[in-house]
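Hello,

Here is the structure we talked about handing over. My notes follow it.

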Amino acid sequence: GFELMTAMHKQCKRLGVEILTDTIVKIEGEKTPFILTAESGATYQAMAVIITAGASARWLGVSGEEKLKGHGVSACATCDGFFFRGKEVVVVGGGNTAFEDALFLSQFCPKVTLVHRREGFRADAVTVEKVKNTPNISMMLNCVVEEVIGEEKVTAAVLRNVLTQEKTTLCCDGIFVAVGAVPQTAWLKDSAINLAENGLVAVDEHQQTNIKGIFAAGDCTEPEFRQAIVAAGSGAKAGISAASFINLHR
């Protein structure tokens, strides 16, 4: 993913694209041209806009989690998993991402424990069966992580059984949180751009929002298939659509 982004960044610069570092906080206008206001106070006028605000991981919000992010607590198994080769890890969640993370980590971690707050899963039945049939993956169901323990790195997780309220301490070297993502679209709530109930930007097959000339792509539009290649594909669609829009309105 990082190599792909670096290559794209270099390509944009080579093609003469101006790259500015700022945060857009407002988009105004219901037809082109649009006015964009940045956190710095700068304003920009654009014939077309592509929103690629992404999504951030939904965290557990428990004691010790914030302190140990990057020191054993992660929300991306494919990004950080290889750092835990030969170590015991915990995966938290009950959807496809959690189960796929557990399978991925099981390839180089001797013990993977999947922790889920219920006995039912949102993950596909086939994926659930794969996890159940993987010998070095175990499950702790009806349990939630109550606390992450560790000073400079994760050493254990305190789990609470939601049925009995009994607490247990599970020794581990890493905790991978896979309980969903939050689209970074709060700044669009006062705009005319339609957002779905889950906060995702609503787009059509051309990545067009409800406003002609404003497009969106990547994790801020995608409820399930996120990151690198999927985001790049929708970004390419949005770029082509935006270019066509500009050519029609020159």
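**Cys 109 and the two cores**

Beyond its neighbours within four places in sequence, Cys 109 makes contact with Phe 84, Gly 86, Lys 87, Val 89 and Asn 136. Please keep in mind that this is a predicted model.

Cys 109 is also listed with Val 89, Val 91, Leu 105, Val 112 and Phe 176 as the residues with the most contacts inside the largest nonpolar core, which has 20 residues. At least two residues of this core come from each of strand S7 (88-92), helix H3 (96-105), strand S8 (111-116) and helix H4 (125-132). The biggest share is that of H3, which gives 6 residues. A second core, separate from this one, has 16 residues, including Leu 68, Val 115, Cys 143 and Val 148.

**The helices H1 and H5**

Helix H1 covers residues 2-14, which makes 13 residues. At 1.5 Å a residue H1 should span 18 Å, and the distance between its end C-alpha atoms is 18 Å, so the two agree. Just after H1 comes Gly 16, with a positive phi of about 90°.

Helix H5 takes in the 22 residues 228-249. The same check gives an expected span of 32 Å at 1.5 Å a residue; the end C-alpha atoms of H5 are 31 Å apart, which agrees. The expected span is 1.5 Å times one less than the number of residues, in case you want to repeat the sum.

Which residues of H5 are buried? They are Ala 232, Ser 234, Ala 238, Ser 241, Ala 242 and Phe 245. The cover over these buried residues of H5 includes H1, strand S4 (49-51) and strand S15 (214-216).

**The protein as a whole**

The protein has 5 helices and 15 strands. Along the principal axes, its C-alpha atoms fill a box of roughly 65 × 40 × 35 Å. Of the 250 residues in the protein, 39% are buried. If you count contacts between residues at least 6 apart in sequence, 53% of them join residues at least 24 apart.

The accessible surface comes to about 14,400 Å², and carbon and sulfur atoms account for 53% of that surface. As for charge, the protein has 24 positive and 28 negative charges, and the mean positions of the two sets are 2 Å apart.

Regards

Note on methods
Residues are numbered from 1 along each chain as its sequence is written. This is a predicted model: local features need pLDDT of at least 70, side-chain atom pairs count only at pLDDT 80 or more; totals for chains, interfaces and linings use all residues. Side-chain values use heavy atoms; hydrogens and water are left out. Helices (H or I, at least four residues) and strands (E, at least two) are DSSP runs, numbered from the N terminus. Buried means under 20% relative accessible area, exposed over 50%, partly exposed in between (1.4 Å probe, protein chains only). Contact means heavy atoms within 4.5 Å. Accessible areas come from the Shrake-Rupley method with a 1.4 Å probe; for residues, only the protein chains shown count as cover. Lys and Arg count as positive and Asp and Glu as negative; His and the chain ends are not counted. The place of a charge is taken as NZ of Lys, CZ of Arg, CG of Asp or CD of Glu. A nonpolar core is a set of buried Ala, Val, Leu, Ile, Met, Phe, Trp, Tyr and Cys residues joined through side-chain atoms within 4.5 Å.
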